[in-house]
Amino acid sequence: MRQDPRQKLWPKAVEAPQIQPPPEMWGTPPLPAFGTMRWQEAKQAREEGERERRERPRVEIDRMTGEPVRAADATTFTESLHWHRRDLLAVPESLWVIPQYAHLKHLYLESNRIPTMPPQMAGFPSLTLLSMGSNLLTEVPPWIDKLTSLASLSLPNNKIRVFAREIGHLTSLTSLNLFCNLCQRVPTTLGACTALTMVNLGRNHWDTWAGPENEFASAPSSESAAFVEPEYLELEEGLVRAIARNRIPEATEGLRAYLRRRIQGFEEEKRVREERRLSEEEAARQALFLSDAFLRKKEELRLQ
């Protein structure tokens with residue numbers, strides 16, 4: 001008769017010790033072995049644990065951001081925040097209320113419904129990356145120059161028409177992304193951002209400028225009057241074509257060269273007008289001196 005192989009394993013299974021998890025893995029203190037169990041002590045331990053959990057301060061969490069609402073609930077400094085795809089209607093106030101965010105370096109707020117950038121965001125001088133793509137922004141605010149350490153500014157897929165001239169004060173800016181917006185002109189001060197290595201200006205309205213055709217329209221009509229540098233510039237046709245083809249390196253270098261050339265032209269125009277003004281003032285002084293000398297000579301001849 002053939003022996004069942006399971007019968008060989010049965011004695012070993014019976015003799016195997018009952019493995020229990022270590023005490024630190026238990027939610028509550030482990031109960032003693034059956035027969036010596038003290039039910040009153042176990043009940044008292046459970047009640048003390050429940051009382052301790054009830055007395056523990058509750059941390060209020062923002063349902064939209066997942067971050068603590070009160071400053072006392074945040075215990076560590078944060079350098080990077082990822083608040084994208086949370087249907088935010090505004091930048092959360094906890095960003096500048098909680099002191100643990102004072103040294104923030106990277107801020108991601110993409111794919112929300114934020115219409116404006118509040119001025120309180122200017123209080124992050126150590127911020128190096130700001131990404132607010134796919135929102136409802138209409139402008140780059142003038143206080144953007146307060147972010148002195150900003151190296152990357154990404155604002156694609158918004159409704160931005162004008163970005164402030166103060167952007168030229170961001171000397172550490174290396175990347176600017178304004179893809180798919182409503183921009184029509186660039187500020188002249190952008191030429192001061194000499195550290196720029198990547199500028200994405202694709203899918204904007206560079207060829208639909210509705211303002212004056214000549215950027216010198218605000219300058220005085222007199223050729224000798226002081227030159228007024230235009231605040232915004234219209235991009236040249238070749239540069240617009242490079243941008244439309246999404247050739248980012250070529251468009252970046254072309255934009256830098258174009259701004260450099262226009263700024264040099266403005267400086268030359270200022271110099272020429274200043275020289276013309278000085279020459280006209282000198283000619284007027286000479287004419288006045290000659291007229292005074294003529295009158296004096298005429299008076300001397302009359303007295304003789």
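Q: Where do E281 and R277 both lie, and how many residues apart are they?
A: E281 and R277 are both in helix 5, four residues apart, which is about one turn of the helix. Helices here are DSSP runs of H or I with at least four residues, strands are runs of E with at least two, and both are numbered from the N terminus. The model is a predicted one: local features need pLDDT of at least 70, side-chain atom pairs count only at pLDDT 80 or more, and totals for chains, interfaces and linings use all residues. Residues are numbered from 1 along each chain as its sequence is written, and side-chain values use heavy atoms, with hydrogens and water left out.

Q: What does E281 form with R277?
A: E281 forms a salt bridge with R277, with the closest N and O atoms 2.6 Å apart. A salt bridge is a side-chain nitrogen of Lys or Arg within 4 Å of a carboxyl oxygen of Asp or Glu.

Q: Which residue does R277 also form a salt bridge with?
A: R277 forms one with E274, at 2.3 Å between the closest N and O atoms. These two are three residues apart in helix 5.

Q: Is R277 buried or exposed?
A: R277 is partly exposed, because its relative accessible area is 28%. Buried means under 20% relative accessible area, exposed over 50%, and partly exposed in between (1.4 Å probe, protein chains only). E281, at 33%, is partly exposed.

Q: And what links E268, R271 and E275?
A: A network of salt bridges links E268, R271 and E275. Within it, the side chains of E275 and R271 meet at 2.7 Å, N to O. E275 and R271 are four residues apart in helix 5, so about one helical turn separates them.

Q: Changing topic, how many cavities of 30 Å³ or more are there?
A: The count comes to one. A cavity is a set of points on a 1 Å grid over the protein atoms alone where a 1.4 Å probe fits but cannot get out, and its lining residues have an atom within 4 Å of a point. Grid points are joined across faces, edges and corners, and the volume is the space filled by probe spheres set on the points.

Q: What volume does the largest cavity have, and which elements supply its lining?
A: Its volume is about 40 Å³. Strand 9 (198-200), helix 4 (237-244) and helix 5 (248-303) each supply at least two lining residues. Among the lining residues are V199, I243 and R247.

Q: Lastly, is S154 buried or exposed?
A: S154 counts as buried because its relative accessibility is 16%. S154 is found in strand 5 (residues 152-154).

Note on methods
On a 1 Å grid over the protein atoms alone, a cavity is a set of points where a 1.4 Å probe fits but cannot get out, and a pocket is an open set with protein on both sides within 12 Å along at least five of seven lines; lining residues have an atom within 4 Å of a point.
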